[in-house]
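User: I'm new to reading protein structures, and I'd love a close look at one part of this one. Could you walk me through it in a friendly way?

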Amino acid sequence: MNALLVRWVWWPLLVAFVVVARVWTFLSSTSRRRARRLAGSDAARQAGRAAEARLRAIVGTYVGSTPLELRLLVVEDRYARGWADSGLFTLSRSSYRVSCEMRVTAYFSSPLSSAETIAHILDAGERALSGIPFTHDFAPRDSPGGLAHAGHILAWDQPTIPLPEHAEAAHDCRFRLLWEPPTASSVASIRRRHGAVFALTLPPVAYFRVPRGRGSRLTRT
């Protein structure tokens, strides 16, 4: 009798919860079409242009203050949809409907040797307000093929370990991928034409987010 009571009472309640949870998850997740529309809105594009300008300015600082010569700039502009999930008697969802992020990776050559180039970069970083976070305190003693500080990652070719080709970072949805100039289609081609390659990866910028609620939009982080 107790088993029948459990089956008659609890099973329908469990099935009802599962159905409600699935419907809630579907309605609370941002569809791809809506996420794309929000990421392509005027406010998002304005914030994206401002973020790209800031990242390009940082790359320009390296070009203007060091022997590095820019050969390829890769701009990854992407967005993540708001998600919702359900577990056993639990419901969870992201705090946003869409979130946009931009990444920039710059590839350089140098007329100097790698050692001399790195020395000049460290010298530039020693200058106050240079915008370059690497100083002689971060000289590549332990990691001879790279520097990393304050979100900036600088790597360069090694005699037996050349830099790999650019690999796009994992993402939910891509809004734009820019290679500039498009003729420099690979790291190998830069190496063939100009010698050793240096790669600078800047910290990603989350430049636009649409929180859940009344539609208020956060465009600065």
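Does R78 count as buried or exposed, and at what relative accessibility? Please follow the picture outward from there.

Analyst: Happy to! One thing to keep in mind is that this is a predicted model.

R78 counts as buried, because its relative accessibility is 8% and the cut-off for buried is under 20%. It is a charged residue to follow closely, and here is the general idea behind what comes next. Side chains of opposite charge can pair when their charged atoms come close.

R78 pairs with E76 in a salt bridge, with 3.3 Å from N to O. Both E76 and R78 are buried. R78 also forms a salt bridge with E101, where the closest N and O atoms are 2.9 Å apart. This second pair links distant parts of the chain, since R78 sits in strand β1 and E101 in strand β4 (residues 96-109), 23 residues apart. Unlike R78, which is buried at 8%, E101 is partly exposed, with a relative accessible area of 24%. Elsewhere, E52, R56, R176 and E180 are joined into one network by salt bridges that share partners.

In total, the count comes to 9 salt bridges. Another one of them brings together the side chains of R45 and D77, at 2.9 Å from N to O. R45 belongs to helix α3 (residues 42-65) and D77 to strand β1 (residues 69-81), so this salt bridge ties together parts that are 32 residues apart in sequence. Both R45 and D77 are buried.

That brings us to helix α3. This helix has 24 residues and spans 35 Å from its first C-alpha to its last, close to the 34 Å expected at 1.5 Å a residue. Its buried residues are A44, R45, A47, G48, A51, E52, L55, V59 and Y62. When you look at a list like that, a rule of thumb helps. An α-helix has 3.6 residues a turn, so residues three or four places apart point the same way. You can try that spacing on the model with L55, V59 and Y62, which are among the buried residues of α3.

V59 leads us back to the strand that holds E101. A106 lies in strand β4, and A106 counts as buried because its relative accessibility is 0%. Leaving out residues up to four places away in sequence, A106 touches V59, L70, L72, L73, F198, A199 and L200. L200 is a nice example of folding bringing the chain back on itself: A106 and L200 are 94 residues apart in sequence, yet 5.1 Å apart in space from C-alpha to C-alpha.

Just past this strand comes S110, in the loop between β4 and α4 (114-126). S110 is buried too, at 11% relative accessibility. Its side chain makes a polar contact with the side chain of T117, at 2.7 Å. A polar atom of the S110 side chain also lies 3.1 Å from the backbone nitrogen of L112. Neighbours within four places aside, S110 is in contact with P67, T117, A196 and F198. You have met F198 already, as one of the residues touched by A106.

Finally, a word on confidence. The protein averages a pLDDT of 80, and 70% of the residues score at least 70. Over residues 23-28, pLDDT stays under 50, and the model has 11 contacts there beyond four places in sequence. Residues 214-221 also stay under 50, with 18 such contacts.

Terms used. Residues are numbered from 1 along each chain as its sequence is written. Side-chain values use heavy atoms; hydrogens and water are left out. A salt bridge is a side-chain nitrogen of Lys or Arg within 4 Å of a carboxyl oxygen of Asp or Glu. Helices (H or I, at least four residues) and strands (E, at least two) are DSSP runs, numbered from the N terminus. Buried means under 20% relative accessible area, exposed over 50%, partly exposed in between (1.4 Å probe, protein chains only). Contact means heavy atoms within 4.5 Å. A polar contact is a pair of N or O atoms within 3.5 Å; within protein, one must be able to donate a hydrogen and the other to accept it, and residues adjacent in sequence count only if both atoms are side-chain atoms. The expected span of a helix is 1.5 Å times one less than its number of residues. pLDDT is the predictor's confidence in each residue, from 0 to 100.
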